[in-house]
Amino acid sequence: MNDLELHAHLIGRQGSRRDLNTPVLVLDLDRLDSNIARMATFAAAHGLKLRPHAKTHKSVDIAKRQIAAGAIGLCCAKIGEAEALADGGITGLHITSPVVPAPAVDRLAALNLRSADLMMVVDNPDNARAIAQAVERAGDAKLSVIIDVDPGIHRTGVASPEAAVELFEVIRSLPALVYRGVQFYCGSHQHIHAFAEREAAMRERADYLRTIIIALAEAGGAPEIVTGGGTGTHRIDVGLGIFTELQVGSYIFMDDEYRACDLTGEEGVAIPFETSLMIDTSVISANTPGLFTLDAGIKSMATDAPLPSVETGAADGARFFLMGDEHGALLTLPDSLALGDRVSLRTPHCDPTVNLYDNYHVVRGQTLDAIWPVSGRGRSR
């Protein structure tokens, strides 16, 4: 049975969260909306546009709420995510990773014909030429492109001012492409725990980006758009004086990775966003004192981050650990839980956790309010 068959009858029933079949991905709607509103207000107050990253949620429903709050569009990591959001009526999409394989380039050209204000990054002249040819074959619509700048992690992006200028010159020579600016996403900086250390690292990287921007401007390519930033650095990004828009993503869910970081740099100031995404689990075995087996294991959560902490359902200090594909366990006070009890876990790394589920079970308090599909799941290529 799928989620709708299992749970649609619970929508609107008071206290129905308790009746969800576990493990289940649960999204607190009030907290989600609060997080969306707080980031939108923050960006607007600092004169920056907001283009949140959909790789976090892969959801048309969440994207629509972000746009309603003021976002100008959404970022997508892959062509499949962009197709899924475009199918749901989302515009202003920006693909943040290079699209290189020939079939994907053709899909990109086709998407450009039906998705208003589509943008994407390039970091190689040959790729720019291939994309331009595909766009020309597909029709008359030009495609906006952004030069991806390597922030120092050597994943993607041009690696020098000279390379940026060379790529700009190629883009300028291709009638099917429209140069819009640069992307600079410092992914490795987002989870530096100490605010001061994170700020110092970002200011050093911002100085490097300025050399790229100056070189492009001198070549006639002053960027209209400088896109980047993230949840971990957003308070720093707004003070750097270089970004025009923010690509924040995980702020909507506030997973345990970001909860471990000082996001404000102000002593005594709480994290500005609430945990809205949880994995609800059930105790399925309780035969060892102080050890309680849950029905959520490796297949229920990302394992590239520290193990999740407990949101509700267990005593303070309870420690979760994995016990296999389908099982996890809590070490907690003896006899503090019973068979069938519910334990809600905060998500570890939220993006790859979401990718394991077909749907969000959206709750208000303890009542199931809606079931939203994870729209981009299975379409990330």
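**Exercise 1.** Leaving aside its neighbours within four places in sequence, which residues is Ser 300 in contact with? Place Ser 300 in the chain and decide whether it is buried or exposed.

*Solution.* The model is a predicted one.

Step 1. Locate the residue. Ser 300 sits in the loop between strand 11 (291–294) and strand 12 (310–312).

Step 2. List the contacts. Apart from neighbours within four places in sequence, Ser 300 touches Pro 23, Ile 279, Asp 295, Thr 353, Leu 356 and Tyr 357.

Step 3. Apply the cut-off. Buried means under 20% relative accessible area. Ser 300 has a relative accessible area of 4%, so Ser 300 is buried.

**Exercise 2.** Describe the surroundings of strand 1 (residues 24–28), face by face and partner by partner.

*Solution.*

Step 1. Count the buried residues. Five of the five residues of strand 1 are buried, and the strand is mostly covered.

Step 2. Sort the residues by face. In a regular strand, side chains alternate between the two faces of the sheet. In strand 1, Val 24, Val 26 and Asp 28 lie on one side, and Leu 25 and Leu 27 lie on the other. Both faces are covered.

Step 3. Find the antiparallel partner. Strand 1 and strand 10 (residues 277–288) run antiparallel and are joined by four bridges. Opposite Leu 25 in strand 10 stands Ile 279. Ile 279 is also one of the contacts of Ser 300 from Exercise 1.

Step 4. Find the parallel partner. Strand 1 and strand 16 (residues 359–364) run parallel and are joined by three bridges. Leu 27 has Val 362 of strand 16 as its bridge partner.

**Exercise 3.** In what order do the eight strands of the open sheet stand, and which strands are at its edges?

*Solution.*

Step 1. Write down the order. The eight strands follow one another as 2-9-8-7-6-5-4-3, with parallel pairing.

Step 2. Read off the ends. Strand 2 (49–50) and strand 3 (74–76) each have a single partner strand, so each has one side without a neighbour in the sheet. These two strands are the edges.

Step 3. Check a pair inside the order. Strand 8 (residues 225–228) pairs with strand 9 (residues 245–246) in the parallel sense, over two bridges. Gly 228 has Leu 246 of strand 9 as its bridge partner.

Step 4. Check another pair. Six bridges link strand 6 and strand 7 in the parallel sense. Ile 147 is opposite Val 182 of strand 7. Strand 7 is mostly covered, with seven of its eight residues buried.

**Exercise 4.** Helix 7 (residues 161–172) packs against helix 8 (residues 195–218). Work out how helix 7 is placed against helix 8, the sheet strands and helix 6 (residues 125–138).

*Solution.*

Step 1. Take helix 8. The axes of helix 7 and helix 8 come within 9 Å and cross at roughly 40°. That angle makes helix 7 oblique to helix 8. The crossing is right-handed.

Step 2. Name the residues in this contact. Helix 7 supplies Pro 161, Ala 164, Val 165 and Phe 168, and helix 8 supplies Thr 211, Ile 212, Ala 215 and Leu 216. By class, seven are nonpolar, one is polar and none is charged.

Step 3. Take the strands. Helix 7 lies across strand 5 (119–122), strand 6 (143–148) and strand 7 (177–184). The angle between helix 7 and strand 6 is about 170°.

Step 4. Take helix 6. Helix 6 and helix 7 pack at about 15°, with axes 9 Å apart. Angles under 35 degrees count as roughly parallel, and helix 6 is therefore roughly parallel to helix 7. Helix 6 passes helix 7 in a right-handed crossing.

Step 5. Name the residues. Pro 125, Ala 128 and Arg 129 of helix 6 meet Glu 166, Leu 167, Val 170 and Ile 171 of helix 7. This contact has five nonpolar, no polar and two charged residues.

**Exercise 5.** Characterise the packing of helix 2 (residues 29–45) against helix 3 (residues 60–68).

*Solution.*

Step 1. Give the geometry. The axes are 10 Å apart, at an angle of about 45°. Helix 2 is thus oblique to helix 3, and their crossing is right-handed.

Step 2. Name and class the residues. Leu 29, Leu 32, Asp 33 and Ile 36 of helix 2 meet Ile 62, Arg 65 and Gln 66 of helix 3. Four of these residues are nonpolar, one is polar and two are charged.

Methods:
Residues numbered from 1 in each chain as written. Predicted model: local features only at pLDDT ≥ 70, side-chain atom pairs only at ≥ 80, totals over all residues. Heavy atoms only, no water. Axes fitted to C-alpha atoms, helices over the stretch in contact; angles between N-to-C directions. Parallel < 35°, antiparallel > 145°, perpendicular 65-115°, else oblique. Left-handed = near helix turned anticlockwise from the far one by under 90°. Contact = heavy atoms within 4.5 Å. Nonpolar A, V, L, I, M, F, W, Y, C, P; charged D, E, K, R; others polar. Buried < 20%, exposed > 50% of the residue type's maximum accessible area, 1.4 Å probe, protein only. Pairing = 2+ DSSP bridges.
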